[in-house]
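Student: Could you take me through one part of this model slowly? I would like a close look at the place where the two chains meet, and at what lies around it.

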Amino acid sequence: MITSGTEGVLPIEDILPKEQIKQNDEQKHPLGNGGIQMMEAYSEEDISSVLAYANEHDKTVNVISGGTKRGYGGIVELADILLSLANYKGVVDHSVGDLTLTVKPGTTLKEITNALTKTGQRVAFDTPWPELATIGGIVAANDSGPKRLLYGSARDLVIGTRIVYSDGNVIRTGGKVVKNVAGYDMNKLFIGSMGTLGVISEITIKLRPLPKYEGLSLLHFLKGNEQDIRDFSVKILDSMMEPVSLELLNPTLTEKMNGKHCYTLAIAFEDRENAVLEQEKWVKEHLPVGVEHTVMHEEEARQWWEKFRHLGPNGYNDEQHDAATQAALKVGSNNLDVLVNLELADKLAAMHAVSIEAHGGLGHGISRVFVKGSSSNIVSYIREFRTKVENGHGYVVCTHLPFQLRETVGVWGEKPGYFALLQGIKRTNDPKVILNRHRFVGGI
Amino acid sequence: MIKDVRNLFGKKRQRQKPDAVVQKLMDIVGENEVLYLKEDLISYECDGYTMSKGMPKAVVFVKSTKQVTDVVKCLNKEETPYIARGAGTGLSGGATPLGGEVLISLVKMKKMLHLDLENRKAVVEPGFINLKLTQSISDKGYYYAPDPSSQYTCTIGGNVAENSGGAHCLKYGVTTNHILGLEIVLPSGEVIELGEEGVPDRPGYDLLGLLTGSEGTLGIVTKITVKVLKNPEGKKTVLAYFDEIDDASKAVSEIIAAGIIPAALEMMDSIAIEGVESAAYPVGHPRDIAAFLLIEVDGIAAGIEDQIDEILTVCKNNNVREVKVAKDEAERGLWWANRKMGFGAMGAISPDYLVQDGVIPRTRLPEVLTKIAEISKKYELRIANIFHAGDGNLHPLILYDASIPGESERASKAGSECLKACADVGGSITGEHGVGIEKSAEMRFIFSDEEIAAQTDIRAVFNPKNLLNPGKLFPQPGRCAEVKKELVKA
């Protein structure tokens, strides 16, 4: 705990103004990743002062902003300091002609979307909980949605950052130009590093124009016709169509989204109206026998996706539900193994007495499984699911787990063979291991 | 000791016996796979950047990952520095030996190991030629997107090292956006696999992204999993001639502002046009225009016509002299061949030329072009401009004559000043050619000492003894500028 006036310790008011330092009342959060003292940053200098102080005095720091990813990794219930970036928000620079945006980390995706819409541009992230999740968290956790199929993920969209290193120094990576190979591509190190290498204090992102027209084709496949899903997916991927998503929903998720209990392919098209309609025509002409087909356009399609972006647990509102009985998994695999993994997820759910909702992208290989059940059933479910997915060359990461289950299950799976390099990088950037300690792969 | 051998042409010549290190390399890869005689090494003195040259100790041709690890381990033990080399088309001196390094040539590792079109990926060895990849899958309607101008000869391994771009990366991204997995031999000799099976977002720091574009200073790539794309259904190409550079620049910004992301959006100015019209693929561009734009739109056929109409309107609103759409694939092909000859064509109008590679926010194009014109005047050297205008990547080509005393030095200074002009508007000193030797001093235009140290600290994690491609990419206080000066003099 930080006290003022102790010998060798900075007076607390020299780190941040008093009103930005709060005793944390909520020490026993069911998702952990808290801090004894909450420090709110309003500027990059604030972040820098907190880290310089913590580094000098060997204080550990957990970083938070929107809190939606509080259940993602971490086996430290309370660090010395919980550094909040939630108030460090806003657009720094939007260069409309250059299609670039520079923004502070505590800005929510919704706020960014609202700021950009009037210029006909957007950040091409379709990540969940846009009104809660902040851009800093999305980038630090490398979150993504179904439309990464066409638009890419954070590693394709982030072109520059400012990072406050653990000693308080500010380092710029990348720049504000869309093409840049000067020096190492240091942006990549921080994307998905869960704040273990530095605190992101500014992000520059490549923007895209808003689509002129949006369409969504939902293909509902009857039970037993799973081979048709694969055949159809292979066919569309081998065609010249350019779907923005090719996302498969499992039967329970389809039930929630559309009131039908069957596998559903959600195929989005975003282009000129003519081009969208042509592609929808292609889908119709290639529909397998017995597939029910729904087409939505514009506002109706947008609303469907809006609903889709509010699925699964998140760390911010988890307390409203029963936090002890929810988990979310990110599954990576070969593109077409998504179907295999979703079927596996369903089959194992019945065996382990958990309920799941799941979806995955047949063109990009990332699936999400949301699990509900008793703690012990969730643990046994994840273990068996992970073993089987890994046998198929995939991986399973727990993007949301109650704190007390994290060590039992292992959030990240086995360490990679090159773990020593990851450790070396961590040691370079944060030698005292003060930042988000034990939050990342292999306990980094 | 002298022994008789026959060289490539069967003539007898007398050969110096290899030294102990070279002998050990021969023991690993075989006698015929190591070059070490001065006359054999001359063509390895530099890559596509010819202003700096140095003699390698030897060139070793490896054929497998195992041989790479054995060679690396051997050189580590001998504390002999080494550099991985592909086709040697790099434009910043990344593969140029300045300290008597051993060159590990990967050109004989050139197989495609696996093709999985259902999952849209291919696995190739590093010496696989860029264009050959597209050619070997085009019959099935697929292609590999990054298309540097040197794609006829450059290798995918080299593309990974440099994070190469190309004319079509405006819409499709550069090499890093198309790499799914890498097998790497670390400077320790250890082999690691990143992005196994090409599965995205594997847990851990994104070493795949870090290694791509690290200019061969962190590890040697021995296997590459790339993303392959389906050919677009439709494609249209527009050529627009402008009397004023400013009008062409404005048209670029307005096309982007209209919500169009062309597959390519290229610009050439009058000097560049003079070059390409004197080279192998003349199109018949008018010689008295200030600039042309070459614009390509691709995607779903039904959506293209609208976009072409909008582009034509933007051009007309910006005082275009003439604008036309390619009438067939032959015409489109000629326009592109003419454009891709850009750099080489400078040889037709100047004895020597230096290519630069700055990047700027595209809205700053007019002011940076004015600045480049001033630099041209100041150094009394003609500067041709070829740009990937859509993504703000400029290639000023500084024309000079190395046989005139002092002219090479002026060209080098003019090049550096062009990069400063880019850095000053918030841009970068390189968009796709890399830093190498050429621009290591200019890294200071955009990075502070701490920011450079943050990167060299990362290098130390992978390459602690700095035996792998030393002296590249980062400025070395008090050395780099001197070396450059000496080399220019030489």
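Tutor: Happily: we will begin with the contact between the chains, visit two residues there, and then step back to the core, a helix pair and one whole chain. Please keep in mind that this is a predicted model.

Let's start with the contact itself. On one side are 67 residues of chain A, and they are in contact with 70 residues of chain B. Several elements of chain A give two or more residues to this side, among them helix 5 (154-157), strand 9 (170-174), helix 7 (226-237) and strand 19 (395-400). Helix 14 of chain A provides the largest share, 5 residues. What kinds of residues make up the side of chain A that touches chain B? They divide into 27 nonpolar, 26 polar and 14 charged.

Now pick out Gly165(B). You can find Gly165(B) in the loop between helix 5 (156-162) and helix 6 (169-172) of chain B. Is Gly165(B) buried or exposed? Count the other C-beta atoms within 10 Å and you get 27; a residue is buried if that count is 20 or more, so Gly165(B) is buried. Leaving out residues up to four places away in sequence, Gly165(B) touches Lys179(A) from the other chain, together with Pro146(B), Pro148(B), Val174(B), Asn393(B), Gly431(B) and Glu432(B). Asp147(B) is 18 residues from Gly165(B) along the chain, and their C-alpha atoms are separated by 6.6 Å.

Asn335(A) lets us look from the other chain. Asn335(A) sits in the loop between strand 16 (326-332) and helix 11 (337-352) of chain A. Asn335(A) has 26 C-beta neighbours inside 10 Å, so this residue counts as buried too. With residues up to four places away in sequence set aside, Asn335(A) touches Asn119(B) and Arg120(B) of chain B, and also Leu362(A), Gly363(A), His364(A) and Gly365(A). Thr100(A), on the other hand, is 235 residues from Asn335(A) in sequence and 30 Å from it in space, C-alpha to C-alpha.

Next, the core. In soluble globular proteins, nonpolar side chains tend to be buried together. Here the largest nonpolar core has 266 residues, and those with the most contacts inside it include Val50(A) and Leu83(A) from chain A and Ile104(B) and Phe292(B) from chain B. Helix 14 (residues 407-424) of chain B gives the most to this core, with 7 residues. To see one member in its setting, look at Ile104(B): beyond its neighbours within four places in sequence, its contacts include Val60(B), Val68(B), Tyr82(B), Arg85(B) and Ile220(B).

Chain B also offers a helix pair to examine. Helix 8 (residues 245-257) and helix 13 (residues 365-379) of chain B pack at an angle of about 145°, with their axes 9 Å apart. Their crossing is right-handed. Helix 8 of chain B brings Ile245(B), Asp246(B), Ser249(B) and Val252(B) to the contact, and helix 13 of chain B brings Leu365(B), Pro366(B) and Leu369(B). By class, that contact has 5 nonpolar, 1 polar and 1 charged residues.

Finally, step back to chain A as a whole. Chain A has 14 helices and 19 strands. Its radius of gyration is 22 Å, close to the 22 Å that the globule rule gives for 444 residues, so chain A is as compact as a globular protein of that length. Buried residues make up 56% of those 444 residues.

Notes. Residues numbered from 1 in each chain as written. Chains lettered and ligands numbered in written order. Predicted model: local features only at pLDDT ≥ 70, side-chain atom pairs only at ≥ 80, totals over all residues. Axes fitted to C-alpha atoms, helices over the stretch in contact; angles between N-to-C directions. Helix = DSSP H or I, 4+ residues; strand = E, 2+ residues; numbered from the N terminus. Left-handed = near helix turned anticlockwise from the far one by under 90°. Contact = placed C-beta atoms within 7 Å. Nonpolar A, V, L, I, M, F, W, Y, C, P; charged D, E, K, R; others polar. Core = buried A, V, L, I, M, F, W, Y, C linked by C-beta atoms within 7 Å. Buried ≥ 20, exposed ≤ 12 C-beta atoms within 10 Å, placed from the backbone. Rg over C-alpha atoms; globule rule 2.2 N^0.38 Å.
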